[in-house]
Structure formats: C-alpha cells, structure tokens
Amino acid sequence: STIFGYVHGGSLHVFTQGVTGFLLSLIFLKCGGYHKKILKGFIASVFCHSAYNLTLAILILIIGGTSF
C-alpha cells in the first residue's frame, strides 16, 4: 500500500491511501467479512470506495486542480 499511495500522488498520499484502505477494510469486516458473508462485505466496501472517489472527483471539479 505504500507503493500504491506514493504512485497516486507522492508521500502525503501514502498516509491518506493507507488510512482509506484501513477504513475500507473495517467496512468490509463489519458489513459481512466477520460472518463469512464475503459478498455483502465486498459490495459495501466497493460502494464506499466509489462514493469516496466520486466525492474527490466532484471536489476537483468544483475547486479545480488536484493539489489536495
């Protein structure tokens, strides 16, 4: 995940991508992963990941640039 974060925007993004990945893992576990309902956990984490990406895309369009 360190390499993933660095490739996606430098050293600051190592932290932000790491925290986001950790939170998405918790969502997966809480929404089904603990109880072997893997599909339910997967769908929940994919939905949250999509909402996160959509939020960032909207912010980029409103604010402009990608400096955050």
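Q: Buried means under 20% relative accessible area, exposed means over 50%, and partly exposed is in between (1.4 Å probe, protein chains only). Why is His 49 called partly exposed?

A: His 49 has a relative accessible area of 36%. That is in between 20% and 50%, so His 49 gets the label partly exposed. You'll find His 49 in helix α3.

Q: How do you know what kind of model this is, and how its parts are counted?

A: It's a predicted model, where local features need pLDDT of at least 70, side-chain atom pairs count only at pLDDT 80 or more, and totals for chains, interfaces and linings use all residues. Residues are numbered from 1 along each chain as its sequence is written, and side-chain values use heavy atoms, with hydrogens and water left out.

Q: What is the confidence of the chain, and where is it lowest and highest?

A: pLDDT is the predictor's confidence in each residue, from 0 to 100. The chain has a mean of 86, with 91% of its residues at 70 or more. Helix α1 (residues 2–7) has the lowest confidence, a mean of 74, while helix α3 (residues 38–63) has the highest, at 93. Where pLDDT is low, don't read the predicted coordinates in detail.

Q: What makes up the chain in terms of helices and strands?

A: Helices are DSSP runs of H or I with at least four residues, strands are E runs of at least two, and both are numbered from the N terminus. By that count the chain has three helices and zero strands, running α-α-α from the N terminus on.

Q: Why is the chain called more spread out than a compact globule?

A: The globule rule is 2.2 Å times the number of residues to the power 0.38, and the radius of gyration is taken over C-alpha atoms. For 68 residues the rule gives 11 Å; the chain comes in at 14 Å, well over that, so it is more spread out than a compact globule. Along its principal axes the C-alpha trace spans about 40 × 25 × 15 Å. Of the 68 residues, 13% count as buried.

Q: How do you know whether Cys 31 and Cys 48 are bonded or too far apart?

A: A disulfide is a pair of cysteine sulfur atoms within 2.5 Å. The sulfurs of Cys 48 and Cys 31 are 6.8 Å apart, so they are too far for a bond. A search of the whole structure finds zero disulfides. Cys 31, at 31% relative accessible area, is partly exposed, and so is Cys 48, at 28%.

Q: What makes Phe 22 count as exposed?

A: Its relative accessibility is 52%, which is over 50%, so Phe 22 counts as exposed. Phe 22 has its place in helix α2 (residues 11–30). Leu 54, in helix α3, also has 52% relative accessibility and counts as exposed.

Q: What is unusual about the phi of Lys 36?

A: Most residues other than glycine have a negative phi. Lys 36 isn't a glycine, yet its phi is positive, about 60 degrees. Lys 36 lies in the loop between α2 and α3, and at 76% relative accessibility it counts as exposed.
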